[in-house]
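Please open the model in your viewer and keep the sequence panel beside it, because each stop on this tour asks you to select something and then look around it.

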Amino acid sequence: MALLDVTDLEIAVAAGGKLLPVVRGVSFEVEESETLGIVGESGCGKSLTSLAIMGLLEGSQVRLTGGSIRFDGRELTTLSPKERRAIMGDQMAMIFQEPMTSLNPVYRIGDQITETLRQHRDMTRGQARDRAVELLDLVRIPEPSRRIDSFPHQMSGGQRQRVMIAMALSCDPKLLIADEPTTALDVTVQKEVLDLMADLQTRMGAAIVLISHDLGVIAETCDKVAVMYRGKIAEAASASDLFKNMSHPYTRGLMNSIPVVDHDVEWLEAIPGRVPTIDEVLPGCAFHPRCKIAETRCSAEDPAAREMAKGHEVRCHFAGKGAA
Amino acid sequence: MNALKKFHAIFRGRKLATAGLIWLCIVAFAAIAAPLIAPFDPLEIDPVARLSEPGTPYLFGTDHFGRDSFSRAIYGARMAVMIGLGSVFVALGTGGLIGMLSAYFTRLGHVLMRGVDVLMAFPALLLALVLMTLLERSATNTIIVIGIVYATTTARILFGMTLKLKGEVFVDAAICSGAGHGSILFRHILPNLISPLLVQASFIFAFAQLQAAALDFLGLGLPPEVPSWGNMLSEERIYVTRAPWLLIFPGALIILSVFSMNLVGDAMRDSIDPRFKDDIAGV
């Protein structure tokens, strides 16, 4: 059985007395020590999916309207808040996009790490502090025994993200959800943080769900990839399969919009148009207004997921035909 | 030792704030040691020496009963400190809790904040007057009433700030690390509210003095025989032309204490909030 099993996840936003669906029937599995990448443009529902797994949707206008999320054999959507708290931070942890705001500005970073430890582990203050120093060393913060008493504003963005990773890893979680962990960092730091995550994963064996809009990041780090568009998984495959054989026009569009260093191109190919807003009703395939190979059928009939190869699913009527 | 270092860090380089702190210390000392410092009994009447000018043995002169104004001023410091601290405690305790809980638990907030709205519909002094007429004149009731009046503004301010903090990523991060409601409210959100709370506390301490003086002046605050700066102003106001020092001294004491409190509050805010730390240590 998979470590994380998301089935038919439905999320809707309450607006003007109506519920507008934003995530529609998303399903995926993550095995132990595996890395799943979820890619897509802003507004495609990838972040909401991650928030739903962590149970952070409650109380806002965004609501979980259906589906199940099973983690390690337990259904998360029906857990009591207390049971959920026992799992969060311990067996599953999350890294956020904004390292500048995800640490509490009035706490020393050491206190923030030890708090998580003391919440879940029976540790004395001293033991927790020693462990926090170890963790900071593990995420390659120089002089960890001194930096442990720093405030977040005394650190750089990259360092703060490392501290976040240290916090997330403090209790040896089985699952780590990283929502655009490198988006706010500059490119060299991005590389360091990704390498660090990959290194820690091999050492600690946690499964990772990496959410990103950057196919390059995904290609470098993930075992499996799910490409999301407008609340649905457009294409899902193992990373090697996907990059060899992109079958959905949206995936190809994303790929073509990345500059390639050793090719000299005048113009990058962008996907025309924009992601439809959530209150637009689109019959048929959600991508058809922007799709190069769309035909009349696409605006009438929503394509079902088809299996191209083992573990490679695509939602497109013309998957595999007519490479664009 | 650690606390002493922090103290030093707050006031180093801030001359005005240090002066304010020294003044507040003097007031606090006078409040604590009033029976030892005061040369006379503040209630002792000397009809022969009534309305005498400042000098010896009556440092601040005497009032129209012939009571020693200096001794009364010293005992007045006692009331000032008591009412200031008490009101701050009541206002921040109730108002702060109402504001934070209302913002955090939205449904509860709908109910609680409407109650706050109703109280805020009254002008501060009017609300204090209404409440005081319902209660007996005493120091405790004055504290409770002033506390309630300023609890409303505190609740409003903390409501807004908590609402904003609740949406911060670090709160989500805390939830993700398995923190419960209590821990999120009091360990993650509350420390971020310390600077507004301190500003609010200094403001309330200062305004409680004025409010208490106003209540005393209108005859609804402390019982008339209690020596407080407000009562001194109230009782001697008709002698303003004959013996102005009877009003100048308690008036100056109120102003100095209020001003000092504000200076100290500002200095504390600047240093407790780490984001202010690298600013120029002015004032």
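Begin where the two chains meet: 16 residues of chain B are in contact with 24 residues of chain A, contact meaning that the C-beta atoms of two residues, placed from the backbone, lie within 7 Å. Select helix α8 of chain B (residues 169-176), which supplies six residues, the largest share of the side of chain B that touches chain A. Coloured by class, that side shows eight nonpolar, five polar and three charged residues, where Ala, Val, Leu, Ile, Met, Phe, Trp, Tyr, Cys and Pro count as nonpolar, Asp, Glu, Lys and Arg as charged, and the others, Gly among them, as polar.

Before moving on, note that this is a predicted model, in which local features need pLDDT of at least 70 and side-chain atom pairs count only at pLDDT 80 or more, while totals for chains, interfaces and linings use all residues. Residues are numbered from 1 along each chain as its sequence is written, and chains are lettered from A and ligands numbered from 1 in the order in which they are written.

Next, select the strands of chain A, remembering that helices (H or I, at least four residues) and strands (E, at least two) are DSSP runs numbered from the N terminus. Eight of these strands form an open, mixed sheet in the order β6-β7-β8-β3-β9-β10-β12-β11, two strands being paired if DSSP finds at least two bridges between them. At the edges stand β6 (92-95) and β11 (306-309) of chain A, each with a single partner strand, so one side of each is left without a neighbour in the sheet.

Within the sheet, pick out β3 (residues 35-39) and β9 (residues 224-229) of chain A, which pair in the parallel sense over four bridges. Here A:Val39 stands opposite A:Val227 in β9(A).

Now select helix α6 of chain A (residues 157-169), which lies across β6 and β7 of chain A. Is this helix enclosed or open to the outside? Of its 13 residues, 12 are buried, so α6(A) is largely enclosed by the rest of the structure; a residue is buried if 20 or more other C-beta atoms lie within 10 Å of its own, exposed if 12 or fewer, and partly exposed in between, with C-beta atoms placed from the backbone. Among the buried residues of α6(A) are A:Met164 and A:Leu169.

Finish in chain B at B:Ala28, which sits in helix α2 (residues 15-32) and, with 15 C-beta neighbours inside 10 Å, counts as partly exposed.

Notes. Axes fitted to C-alpha atoms, helices over the stretch in contact; angles between N-to-C directions.
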